[in-house]
Amino acid sequence: MAIEDEFSFAALAVPARRHIRVFQLHQFLDRFAMGLTVAVVALALTDRGMDLFQISLLFGIYSLTTMALELPFGGLADSIGRKPVFLAAVVASGISLELFLSTSAFLVLALSFGFIGFGRALRSGTLDAWFVETFRTHAPGVDVQPALARAQWANAMGLGMGRSSGDFCLTSLVIWPRRRGSVPMMCPMS
């Protein structure tokens, strides 16, 4: 099968363009949510009595869990299907959030970071593989790399905008009011 050299979004069939836009929206929202939390996770952990070494260990647990499980879960998605693996990732992320919000204990937080790494490993290949397979169905013979690049652009924009929004919220709702001597309205974390 010959692959076209030029990629033209406008020349794609409507289902292929819609598929790219849906995937871009998902990538943007997924990374936007992550960017929002990046600004406050370390502060929330410090507020719970964690020192920088413990915070580093927690992020290390997340990273190691993700790296160790990424390859086996890619095979799992190929064998039992992408949708059940993706739904399991959503459940793991929910468990992680519940654990994170409910405790100040280091071991439970370590379990929470392990679950988010577990969920990330489950989720990482399922949607990308779904995108590639569906794109090739809607646009046979068209190189998928430029379409993936458009989605990764949305991914990066979501992360950047989420991080900027999180920083703005943190500064305007917590840091500035403390400097003025007022107490910010915050939901207790533990």
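## Where Arg-48 sits

Helices here are DSSP runs of H or I with at least four residues, numbered from the N terminus. On that footing, Arg-48 falls in the loop that links helix H1 (14–47) to helix H2 (52–80). Keep in mind that this is a predicted model.

So what does Arg-48 do for a charge partner, given that a salt bridge needs a side-chain nitrogen of Lys or Arg within 4 Å of a carboxyl oxygen of Asp or Glu? Arg-48 is buried but makes no salt bridge, and the nearest side chain of opposite charge, Asp-47, is 6.4 Å away. That distance is beyond the 4 Å limit, so Asp-47 doesn't count as a partner. What the Arg-48 side chain does reach is the backbone oxygen of Thr-103, at 2.9 Å.

## Salt bridges around Asp-30

Side chains of opposite charge can pair when their charged atoms come close. By the 4 Å rule, the model has five salt bridges. Among them is the one between Arg-31 and Asp-30, with N to O at 2.9 Å. How covered are these two? Arg-31 has 8% relative accessibility, so it counts as buried, while Asp-30 is partly exposed because its relative accessible area is 21%.

Asp-30 also meets the side chain of Arg-123 in a salt bridge, this time at 4.0 Å, N to O. Arg-123 belongs to helix H4 (residues 106–138) and Asp-30 to helix H1, so this pair ties together parts that are 93 residues apart in sequence. Arg-123 counts as buried because its relative accessible area is 16%. Through shared partners, the salt bridges join Asp-30, Arg-31 and Arg-123 into one network.

## An exposed pair

Another of the salt bridges links Asp-78 and Arg-82, whose closest N and O atoms are 3.0 Å apart. Is Asp-78 buried or exposed? With a relative accessible area of 57%, Asp-78 is exposed.

## A nonpolar patch on the surface

Now for some side chains without charge. Met-34, Val-38 and Leu-159 form a nonpolar patch on the surface, and together they have about 200 Å² of accessible area. Met-34 is part of helix H1, the helix that also holds Asp-30.

Why does Met-34 qualify for the patch? Patch residues need over 30% relative accessible area, and Met-34 has 31% relative accessibility, so it makes the cut. The same 31% makes Met-34 partly exposed.

Terms used: Residues numbered from 1 in each chain as written. Predicted model: local features only at pLDDT ≥ 70, side-chain atom pairs only at ≥ 80, totals over all residues. Heavy atoms only, no water. Helix = DSSP H or I, 4+ residues; strand = E, 2+ residues; numbered from the N terminus. Buried < 20%, exposed > 50% of the residue type's maximum accessible area, 1.4 Å probe, protein only. Lys, Arg positive; Asp, Glu negative; His and termini not counted. Polar contact = N/O pair within 3.5 Å; in protein donor to acceptor, adjacent residues only side chain to side chain. Patch = residues over 30% accessible without salt bridge, like charges linked within 9 Å, V, L, I, M, F, W, Y side chains within 5 Å. Areas by Shrake-Rupley, 256 points an atom, 1.4 Å probe, with all protein chains shown as cover.
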